[in-house]
Amino acid sequence: MKYRKKFSRILLVSIALITAMNINAQLQTSEIDSIVEKAMNTVDNTVGFAIGVVKDGKIVHVKGYGTQSIETKAKVTSETAFGIASNSKAFTATALAILVEQNKIAWDDKVAKHIPEFKMYNDYVTDNFNIQDLLTHRSGLGLGAGDLMIFPAGSNFDIKDVLSVFQHFEPVSPFRTKFDYDNLLYIVAGELIARVSGQSWESFVDEHILQPLEMKNASSSYMNAAKTTSLADAHSFDGKSLSIINRPKITGKSNSLNGAAGGIWASAKDMCKWMLAQLNKGKYGANLEHTLFSEAQQQEMWKMHTPMNLQQDPRSPFKVNFSGYGLGWFVSDFNGHLKVEHSGLIAGMSSEVLLFPNLDLGIVVMNNSEGAGFLNGLIGYILLDKYLNLNTGINWLEMAKGMQQQQKMGDPETEKVWREVEANTNKKISFKNYIGIYEDAWFGKVEVFKKDGNLWFKSYKSPRLNGQMFFYKENKFAIKWEYRDMNADAFATFSLDKKGRAQGIKMKGISRFIDFSFNFQDLNLKRL
């Protein structure tokens, strides 16, 4: 028995040594510079990038590349703030973990205990929905359910609308059985934080996370982020050229919905501090003398709460045996290493965070061009290839060229739709059968009206969803939104009575590449 134990210890030490030998302790800054610059030169629609790498408890690389804006040409630096979008979800999970440690909540508390008016699609789910269910994408609702309340930005929905919306959706799977990504339940989590702490989500995150970690260029809202002098512009890409996405006007009033699903702006330097706190199991400070959250809470956040199906390409050099979602993080194994990650996307801007706890390695990649979003993952995996000494032999830059070529090919199916619309331009349509006000149980009222001799559509609660309706075929129209920051044009199909008068509208995105958050298909508009 003693020999067996001794042999086991020797075996474990040997494995650890072999593993260490196969890991590159640190890439040189010049190597990372070369990787990023080659990637940017390969894809001709890049604008700016910010890269941060932490290893063995230190920031080993943090730098900006390219420009903040195609207009100002100001350089991206390590302190340039980017919208990190859904990477904000981990901050929301951490805020809740802090409240757990303050004994103000428990993870298995029912949401209705803290928000009595919260209501799901049936009484059983409402009564059993707990705080962790808000974070784990296992509600039973479909992908992106209700996201039209927050996409595009600038809607007039408030937290009362969000809290009452879930009862109007039909579930697509039994409660807690399937992963379907959502955003609105994170907004509910933000409201729960506000009610328990007595502070807004923004104020709580600022005070309890951003300020202690000295994330000096980070902000919990765009309104605060816009006060900085170093803010990246977002850029859209139509397959041919880049254009700046205009920043929202600051009116002095905060958005009526909290940013718990995706509201944080931060620089690469800020995100390095965030990654170090995560990798140090909640400890921070010069000598790790302070605690943001305990190791027990970190384990809870990094535990796989919602399993996901594996869709691994057998040709991939990166081997994955399990995959799922924790609390604000995706978790999986990666060639035998635990990988904790998340991505984020807003119009014209995206981010990627990759953590490898047993390697004490963290990587953040942020960019401000819709057309170069795919480079986030590629740059991350190039760095991993180097750090793990995998020698995959993959020509990542050729892969980038192929992805760019696909972008330039456009969307033939959508282009065909608009050609058919153009062919029907002279067809006479009786607009009076369609004009009127329609209402959906959760999205509210929309109006179909005549403007300058054409048929138009507008939403009352989401004013940026406003655009001309073009006849497509039969009782089906194509809507070209005035909002052009993302590809979101939609079909509107009218149901008619025996007299040919419209009674309702069903909608669907025109492009198969449309972002899932434009969930027009969930609308059921009835004529008033």
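Strand S1 pairs with strand S14 (residues 361-367) over 7 bridges, in the antiparallel sense. Within this pairing, Val-53 faces Ile-363 of S14. The model is predicted. The points below cover the surroundings of S1, a barrel of 8 strands, and several backbone features.

**Strand S1 and its partners**

- S1 comprises residues 48-55, and 8 of its 8 residues are buried.
- In a regular strand, side chains alternate between the two faces of the sheet.
- Both faces of S1 are covered: Gly-48, Ala-50, Gly-52 and Val-54 are buried on one side, and Phe-49, Ile-51, Val-53 and Lys-55 are buried on the other.
- S1 also pairs with S2, in the antiparallel sense and over 8 bridges; in this pairing Gly-52 stands opposite Val-62 of S2.
- A hairpin is formed by S1 and S2, with 2 residues between them; Asp-56, in the turn, has a positive phi of about 55 degrees.

**The barrel and its packing helix**

- The barrel is closed by 8 strands in the order S15-S16-S17-S18-S19-S20-S21-S22, with antiparallel pairing.
- On average, neighbouring strands of this sheet are turned by 30 degrees against each other, direction ignored.
- Helix H14 (residues 412-423) packs on the sheet and touches strands S18 (466-473), S19 (476-481) and S20 (490-496); the direction of H14 makes about 80 degrees with that of S18.
- Strand S15 (residues 436-440) and strand S22 (residues 525-527) run antiparallel and are joined by 2 bridges.
- Glu-439 is placed opposite Lys-526 in S22.

**Positive phi outside glycine**

- Lys-73, which is not a glycine, has a positive phi of about 65 degrees.
- Lys-73 is located in the loop between strand S2 (58-66) and strand S3 (82-83).
- With a relative accessible area of 53%, Lys-73 is exposed, the cut-off for that class being over 50%.
- Glu-474 likewise has a positive phi, near 50 degrees, in a residue other than glycine.
- The position of Glu-474 is in the loop between S18 and S19, and its relative accessibility of 67% makes it count as exposed.

**A cis peptide bond**

- The peptide bond from Phe-151 to Pro-152 is cis, and its omega is near -5 degrees.
- Pro-152 belongs to the loop between helix H5 (123-128) and helix H6 (159-165).

Notes
Residues numbered from 1 in each chain as written. Predicted model: local features only at pLDDT ≥ 70, side-chain atom pairs only at ≥ 80, totals over all residues. Heavy atoms only, no water. Pairing = 2+ DSSP bridges. Helix = DSSP H or I, 4+ residues; strand = E, 2+ residues; numbered from the N terminus. Axes fitted to C-alpha atoms, helices over the stretch in contact; angles between N-to-C directions. Contact = heavy atoms within 4.5 Å. Buried < 20%, exposed > 50% of the residue type's maximum accessible area, 1.4 Å probe, protein only.
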